[in-house]
Amino acid sequence: MRIEIATLFVDMCETVLDTSIIGRARRAGKLDIHCRDIRAYTLSKQGRVDDAPYGGGFGLVMQTEPIYRCYQSIVEDMGAKPHVIYMSPQGKPFTQQKAIELSKMDNICILCGHYEGVDQRVIDEIVDEEISIGDYVLTGGELAALVVVDAVGRLCEGVLADESCYTDESHYNGLLEYPQYTRPPEWMGRKVPEILFTGHHGNIDKWRRQKSLENTLNKRPDMLEKADLTPEDRAYLEEYRFRQQAQSGWREEE
Ligand code: ADE
């Protein structure tokens, strides 16, 4: 997979992408990620990439030409038309499902807007989809693009040590993850659950599944409606809800 980020802030993107797991994967040749400076493609002698909006109004709008020329050079280098994403608060909400879908693509180009946005004509010409990372407005698309690259990059082959690093975690299977513990076995009077010391993997897996169901019910009950639950999961949730109700009933009586 190759990812190209078209941006006015290459240094900002490179700093993040050179760090931690994604940085290591890039250096090991597991991820092919490049940042392109849109400004390098302007024909303006002053290096201009933006201008005042037609019709008046606040701020500056990024012009079509530098973005389109940047895109053309990406297509040329990739030797194929990439899937083009425009980071925008108007886009579809980014989800783990979308990250999985993107991680299977060969070539992706992410366009980062700035100022008051990008001339609509270049969006209409080159963009395949708009993605938002949440219902709030950032100063530019870079932070959002980095979120997408991080979530997608870690799913690519050879980036994490083992596939179970992401198949067991929150959102991958439609549930939130179970709680994790490490040394020491007791801290501030709080003990690690006994079952995790037993070495019985069958029981540990069952306990983890149950904790995952409890976590999802307590923190994101909306996710349970879409989750792929077994009859055993449903029976456990019913029993857990019953236990919770009984406990709150006892507390009210006390
Ligand atoms: N650019 C500005 N705000 C954004 C958001 N919420 N998501 C994606 N791109 C953005």
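A residue is near a molecule if one of its heavy atoms lies within 4 Å of it. By that yardstick, the ligand here is surrounded by Met87, Ser88, Pro89, Ile131, Ser132, Ile133, Gly134, Tyr136, Val137, Leu138, Gly140 and Ala144. This is a predicted model, where local features need pLDDT of at least 70, side-chain atom pairs count only at pLDDT 80 or more, and totals for chains, interfaces and linings use all residues. Residues are numbered from 1 along each chain as its sequence is written, and side-chain values use heavy atoms, with hydrogens and water left out.

**Around the ligand**

- The shell splits into 8 nonpolar, 4 polar and no charged residues, with Ala, Val, Leu, Ile, Met, Phe, Trp, Tyr, Cys and Pro counted as nonpolar, Asp, Glu, Lys and Arg as charged, and the others, Gly among them, as polar.
- Strand 5 supplies the largest share of that shell, 3 residues.

**Polar backbone atoms by the ligand**

- A backbone N or O atom of Tyr136 sits 2.8 Å from a ligand nitrogen.
- For Ile133, a backbone N or O atom is 3.0 Å from a nitrogen of the ligand.
- At Ser88, a polar backbone atom is 3.1 Å from a ligand nitrogen.

**A look at His114**

- You'll find His114 in the loop between strand 6 (107–112) and helix 5 (120–126); strands (E, at least two residues) and helices (H or I, at least four) are DSSP runs, numbered from the N terminus.
- Beyond its neighbours within four places in sequence, His114 is in contact (heavy atoms within 4.5 Å) with residues including Leu8, Phe9, Met62 and Gly140.

Conventions: A polar contact is a pair of N or O atoms within 3.5 Å; within protein, one must be able to donate a hydrogen and the other to accept it, and residues adjacent in sequence count only if both atoms are side-chain atoms.
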